[in-house]
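User: I would like a close look at one helix of this protein and at what it does for the ligand shell. Please then carry on into other parts of the fold in one connected account.

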Amino acid sequence: MHRFLFVVLFALSVSVPLTAQTAPAKPSGEDVYKQRCARCHELTDSRVPPRTALNQMPSVRIMRALDFGAMMTVAYPLSRDERQAVAGYLGTSAPAINFPPSAYCSDRKATVSDKPKFSWNGWSSTPNNARYQTAQAAGLSIDQARNLKLKWAFGFDGDVTAFGPPTVIDGQVFVGSAGGVIHALRADTGCLQWTFQATGPVRSAIVAVPQGRRHALLFGDQTGFFYAVEAESGNLIWKKRIETHDAARLTGAPVVYNGNVFVPVASWEETRSLDPTYACCTFRGSIVALRVQDGQQVWKTYLVPEPKPTGKSKRGTQQYGPSGAGVWSAPTLDPKRGLMYLATGDNYSSPSTNLSDAIVALEISTGKVVWSKQVTPGDAYNSSCATDKQNCPDEDGPDYDFASSAILSQLPDGRDVLLAGQKSGMVYALDPTKQGELLWQVRIAPNGPDTPTSVGVQWGMATDGQRVYATTSSTGRTPPKDPLDARRNILDPSKGGGLTALRVADGGKVWYAPPIVCAPNAPAGCSPAQSAAVTAMPGVVFSASMDGHVRGYSSEDGKVLWDFDTVREFKTVNGVKAKGGTIDGPGAVVINGMVFINSGYSRFGGMPGNVLLAFAP
Ligand code: HEC
């Protein structure tokens, strides 16, 4: 079924429980357009597509522009109903994607082995979230890693962002997209086997598990839906809205254990607060356990208590709290102790609570919180703190989420250790046997008073057991001066980035690979920041940056062994016009002699792009 129609029908057929705010009347698309779009789109300006151009676009594409495209920052304050109303009002009902028949494999059936030889299944190659691939599974020597060449490129039609981490099992690839399309591809050629259209954009890593005689692919979308789709065919097995809050996003990858799937829940309510009339905030971060078989909920644990009315904002809007503590990353499993570890984000409104900016240990079987280690108390923050402060809580930040998973690794004496990198620029080693007691902490990025621009560790580190490799984002950003510029930031081409190797044993610095600043003629949106997740294999550490380069560094001394600039147009195997841009979000996936990476990330003022690249020596 057509995606937009589907969304509308679904919205009609399900009664969505209301949040603490009063229920708004169904918005009119025309009203939303007049209030939120007309001031730019009724202008005659060559940079702004006129309304007549919007009227020729499929509604699904307009939704994408609002959800994860050029209009994302404009749409921050808009609810899903308002987005759908204006997209439906402006656009056509045509489908968004059409691949030519030549994009497809001759055999359309995807295959997943129960006992794969090699896999990168989910966020990390292993459930401890180390993002480390053994020599055998990587299938690459250091010399071969030095000589990686582009094997094929696949374009995500109509997208300006490519952020779905690929899952690769033997020769089979599954990858989501900003347009909400799951693609099943062959690893060797990039030919397409099937596609599945989700309701919202999909950036969570996909996990494949045996389901009867076949396999289920498990993943969430950016609107709160979670799916089980048959890996062999792309047919839906079940679908469930596991979080009804309007701003919910399922970004962190799910993990599977003993027949249950564990789904971390985050949100962007933080940005809704840019609207001074928004009753901030009511979202509660959580983790949900579902039965893989049928999606039935086993348990759900919220990380903040139920929000209650608090005071009024500076503008007189009712405020709610506590809120926030979203989980943006995959849980880390510790079956030996029957525990899983979550890394949590900040609170959005007062009062701040004790499970924000924390590593939280929960019982896998019940979801009960066993212990927690909060590293930044009192961190209540939302986007209005960086603008007019009308909805900003008294705490006013510092916005030091854990944006990435903790890694469960070992000290040289065999004791377990949890390694966690924070947006503050700190890397922590915590003792999981002593309720997260601090073993060491090291700052790898300076933190300044101008948060949230000083973002340290963003999407995640990697470890080979001896060293932990952590990159720094820390972009330099300024707001655009031109009122027509819909970007929220202009990126500084000389600020941010850097890769640090620390000893797991004691946090000692082994080496530092400085950032490589953008070339003088680099396109707008270039930044040396290294925000994307790091990947390691024996001898090589892969890190991509917001300049669009993906590089392989020597794990011995940090020297660059391989460098590929993705900012160019690509001839794609599926016949879609595609280019690379900023790389952010998930990092490289290394498996069976190949390296996969997405390029294109227009959020934060980065360079747009829509391509999945596959390399081999
Ligand atoms: C601040 C000015 C501004 C506002 C407000 C604005 N737009 Fe835009 N819009 C632009 C500009 C500039 C572009 C061209 C962006 C580009 O090419 O990168 C654009 C492009 C678009 C596109 C094309 C995107 C694509 O992928 O090709 C769509 C669709 C769109 N706007 C929809 C909307 C809707 C719907 C609203 C209201 C909810 C809106 N815009 C509000 C300035 C604005």
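How many of the ten residues of H4 are buried?

Analyst: This is a predicted model, and every value below is computed from it. Nine of the ten residues of H4 are buried, leaving the helix mostly covered. The buried ones are Ser59, Val60, Ile62, Met63, Arg64, Ala65, Leu66, Asp67 and Phe68. Two charged side chains, Arg64 and Asp67, are thus on the buried list, together with Ser59.

H4 spans residues 59-68 and, like H2 (29-41), it supplies at least two residues of the shell around the ligand. The top contributor to this shell is H2, which gives five residues. Altogether, 20 residues surround the ligand, and the closest are Arg36, Cys37, Cys40, His41 and Met71. By class, 15 residues of the shell are nonpolar, four are charged and one is polar. Two polar approaches to the ligand can be given with distances. In one, a ligand nitrogen atom lies 2.7 Å from a polar atom in the side chain of His41. In the other, the side chain of Arg61 has an N or O atom 3.4 Å from an oxygen atom of the ligand.

Burial can also be followed away from the ligand, starting with Thr167. Thr167 sits in strand E3, residues 167-169. Its relative accessibility is 0%, so Thr167 counts as buried. The side chain of Thr167 has two backbone partners. A polar atom of this side chain lies 2.5 Å from the backbone oxygen of Ile206, and the side chain also reaches the backbone nitrogen of Gly122 at 3.2 Å. Apart from neighbours within four places in sequence, the residues in contact with Thr167 are Trp120, Asn121, Gly122, Gln172, Val173, Phe174 and Ile206.

Ile206 leads on to Phe219, since Ile206 is one of the contacts of that residue as well. Phe219 belongs to strand E8, residues 214-220. With a relative accessible area of 0%, Phe219 is buried too. Outside its neighbours within four places in sequence, its contacts include Phe196, Phe225 and Phe226, as well as Ile182, Val202, Tyr227 and Pro254. Across 32 residues of chain, the C-alpha atoms of Phe219 and Thr251 are 9.3 Å apart.

Further along the chain are the sheets. One is an open sheet of four strands in the order E18-E19-E20-E21, with antiparallel pairing. Its edges are E18 (332-334) and E21 (369-374), each of which pairs on one side only. From one strand to the next, the twist averages 20 degrees. Three bridges hold the antiparallel pair of E18 and E19, the latter covering residues 339-343. Asp334 has Leu339 as its bridge partner in E19.

Another open sheet has four strands in the order E26-E27-E30-E31, again with antiparallel pairing. E26 (462-463) and E31 (509-513) each have a single partner strand, so one side of each has no neighbour in the sheet. E30, residues 499-503, runs antiparallel to E31 and is joined to it by four bridges. In this pairing Leu499 stands opposite Ala513 of E31.

To return to the helix: H4 is mostly covered, and residues of H4 help to form the shell around the ligand.

Definitions and conventions:
Residues are numbered from 1 along each chain as its sequence is written. This is a predicted model: local features need pLDDT of at least 70, side-chain atom pairs count only at pLDDT 80 or more; totals for chains, interfaces and linings use all residues. Side-chain values use heavy atoms; hydrogens and water are left out. A residue is near a molecule or strand if one of its heavy atoms lies within 4 Å of it. A polar contact is a pair of N or O atoms within 3.5 Å; within protein, one must be able to donate a hydrogen and the other to accept it, and residues adjacent in sequence count only if both atoms are side-chain atoms. Ala, Val, Leu, Ile, Met, Phe, Trp, Tyr, Cys and Pro count as nonpolar, Asp, Glu, Lys and Arg as charged, and the others, Gly among them, as polar. Buried means under 20% relative accessible area, exposed over 50%, partly exposed in between (1.4 Å probe, protein chains only). Contact means heavy atoms within 4.5 Å. Two strands pair if DSSP finds at least two bridges between them. Axes are lines fitted to C-alpha atoms, for helices over the stretch in contact, and angles run from 0 to 180 degrees between N-to-C directions.
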